[in-house]
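Dear colleague,

I am passing on the structure we spoke about, and I would be glad if you could look through it before reading my notes beneath it.

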Amino acid sequence: MKALLFLLVVSVTSTNTIAQQQPAASVKGKVVDSISASALASASIIIFSIADEKQVEGTLAGDSGQFTIPLPYGSYYAVIDFMGYISYRSKRFLLSKEDPIYDFGTIPLLQTAGLLDEVVVQAEKSSMQLALDKKIFNVGRDLANAGGSASDILTNIPSVSVDPEGNVKLRGSDNVRILIDGKPSGLVSIKGGSGLQQLQASMVDRVEIITNPSARYEAEGMAGIINIILKKDRKEGFNGTVELVSGTPTNLGAALNFNYRRKKMNFFINYGIAYRKQPNVGSLYQEVYANDTTFLLQQKNNGTLTGFNNNIRGGLDYYFTEKSILTGSYLYRRSKGNRLTDIRYEDYLFTKSTLTGTSKRRQEEDETEPNSEYSLSYKKSFAGKGNELIAEVKYLDYWENSDQTFTQSFFDHNGTENPSKAILQKSLNDEFEKQWLFQLDYIKPIGEEGKFETGARSSFRNMVNDYIVTERDASGNFVPLPGLDNIFGYDENIHAAYGILGNKTNNISYQGGLRAEWTDVTTILRKTNETNPRDYVNLFPSAHITFELKNEHGIQLSYSRRVRRPFYNDLSPFVTFSDSRNFFSGNPDLDPEFSNVMEVGHIKSFNKGSFTSSIYYRSTKGKIDRIRIVSDEGNSVTRPENLLSEDAFGFEFTSAYSPWKWWKLDFNANFFHAAIDGTNIMQGYKANTYSWFARQTSRFMLPKNIDLQLRTNYEAPQKTAQGKRKALYYADLSASKDIFKGKGTANLNVLDLFNTRRMRSITNGPNFYSEGDFQFRRRQINFTISYRIRQEKQTGKPKSAGLGDD
């Protein structure tokens, strides 16, 4: 296996003779993928002396794949490496006073896929690639991803955590922007990160984590951006994969990923189908203090979510020339779900020995979600390396229909039912979203290593929620409940422009950028004619500097200003009604929150692994957080509010180490402190918390093509403005074996091996105390079989892609 390319730099080892010379010449070139011609940023270039075969100098390719290395006069050769590609060794070249510059031109590297005797296997890129402002995680080698969803993939990514409800956090913050193929998607527009549970893992190629984005990216997302890239290949001929999944609790599915390229046409199609049943349980204990009386509530939840999901994505690349490409794609997702939840309420006075009554409530919900996404993009490459123009238009069309019925019965302390109190309620909810997105980006190289980027982006988003809750009265008619019959409209227009200037001097790469965004948001409750317009312009600067040091060290400094605009669900005033004691709603009066983010990162690579670390600081004004208020009757309402501020800093490190060829260890840990000030909501809503989370993965490569993988996760307790979140811990176990003569893989995984992944919390208020314990997803066992198909075959032993010595 090739060493993991966590590299920012390559070590420099010089002889005494060369060290005393001053570089008077240089070598340059550009490293690209041999098929797609895309730049291979961070490819390592090492220069060796012909005279003594010793390493003389080294560097990493820049974002555009380009490199320039100063050298003394002499005779050399180069070795170029990149993870998942065949090593390239150049022919010898001579630098002299007469010829001081040697230009390799474009160096195409061949992927390792398809170079084994008579067996063509899919390249399994793994671990992390580091660019100037993002980290790329290739998910193919992670055994725990098989048979799961995109949400499961994020659970296994360093820096990212996913709670049992599917909510995504980056470095402990849920203020993260989730993109699909670099753009907003209907998968996450309304439901947020939990919508990723409907996207199968087999459709995902890689995940980009951008903790401190440059001005190139939209300013949304305080903690950063998670960009999920779906699969698409450009290899010549026909290739693809087929996957079948079965599991318990019920998880049945299939996935197809096919690609065909012939001359100027490249077709790709992905299809996934899944049928799942997800049981969930939970409990809530609450004390309410009113009129010198303590009211106790013991609540128990038990439910099952049954889902049937279809995802299909297809598209076409048309190559007018290799430098002029038009791409069209279409994604259609249809999800049908049924939710059945039973809640039992037990009410007591002072102690749990004095029962006053019980009630039972049932929620039955049928939900349908069709979602379409259309995309058309054009890429034009001009004369000069990295000189390109990219234009894209995208349209999202989303609709969700929810039809719910609630029944509730009441019993006295003896267990005798009181039919006169029985409740029958219905809730109808239709949500619509339509969005147009236009984007234009241009990159212009400057000199050998510099570049200028600029672009513009406009999005027009319209969302409507038609919501009504009715209750059967004494005469048998259903009448709307007060405040629960309205139409909520959300219109959002965001226009942006940016510019970035970057360059490289010796071993220092730097770039600075500025992004301007104009936001126009209007919310309206149509039946009551309540309108809330917002209109603001903001500037978002960013800066990144990377120092390439000797002895395989690198340091990166970065800064950016970020915004979190209130999400649709943050603003919608309609309350959830499945629980008659605990209500959740949005807040139409929310303001955006702004953060200044700074980070210093370091990387060190060694023979058997690598180590990365970073220190970060995030200062947030107007932090959005959910606040719970409980009435004297014991009913709670939780809704988002703008707090005064949050200041957070932390330290994160990730390591990869292979003690032996058959054992690979990965470790990620994050330690952070947060100071939250919510005294504008209520005096005493203030918290200082130290917390941490860690993830460790061991992978064992055993004989007969068998792999084992064990992952453990731990999230320490964390204080909140109103209490604390208790520790979260779980383990995953996976095993795989190559079958069908290496063209297939059988995978067995157990997610949450000990069934311990529970969300537990304590919440306090002036008149209440509560403890919650919920498990939204039980232990899952999946068995997956995948088969790889490729029409063309190559024979011959793996060999260097270089030309060798003259």
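Below is what I found, beginning with the nonpolar cores and going on to the strand pairing.

Please keep in mind throughout that this is a predicted model. The largest nonpolar core holds 25 residues, and those touching the most other members are Leu154, Val160, Val204, Val207 and Ile226. At least two residues of this core come from each of helix H2 (150-155) and the strands S11 (160-162), S12 (168-170), S13 (176-180), S14 (204-210) and S15 (224-230). If residues up to four places away in sequence are left aside, Val207 touches Lys135, Ile136, Phe137, Val139, Ile153, Leu154, Ile157, Ile226 and Asn227. Apart from this there is a second, separate core of 22 residues, which includes Ala43, Phe67, Leu71 and Ile107.

Leu71 also appears in an open sheet of three strands, where it lies in S4 and stands opposite Ala25. The order in this sheet is S4-S1-S8, with mixed pairing, and its edge strands, S4 (66-71) and S8 (101-109), each pair on one side only. S1 (residues 25-33) pairs with S4 in the antiparallel sense over six bridges.

Further along the chain, S21 (residues 351-381) and S22 (residues 388-412) form an antiparallel pair over 23 bridges, in which Ser372 has Asp397 of S22 as its bridge partner. Six residues lie between the strands of this hairpin, and Gly384 takes a positive phi near 105° there. S22 pairs in turn with S23 (residues 423-446), again in the antiparallel sense, over 21 bridges, and here the bridge partner of Glu392 is Gln439 in S23.

With best regards

Definitions and conventions
Residues are numbered from 1 along each chain as its sequence is written. This is a predicted model: local features need pLDDT of at least 70, side-chain atom pairs count only at pLDDT 80 or more; totals for chains, interfaces and linings use all residues. Side-chain values use heavy atoms; hydrogens and water are left out. A nonpolar core is a set of buried Ala, Val, Leu, Ile, Met, Phe, Trp, Tyr and Cys residues joined through side-chain atoms within 4.5 Å. Buried means under 20% relative accessible area, exposed over 50%, partly exposed in between (1.4 Å probe, protein chains only). Helices (H or I, at least four residues) and strands (E, at least two) are DSSP runs, numbered from the N terminus. Contact means heavy atoms within 4.5 Å. Two strands pair if DSSP finds at least two bridges between them.
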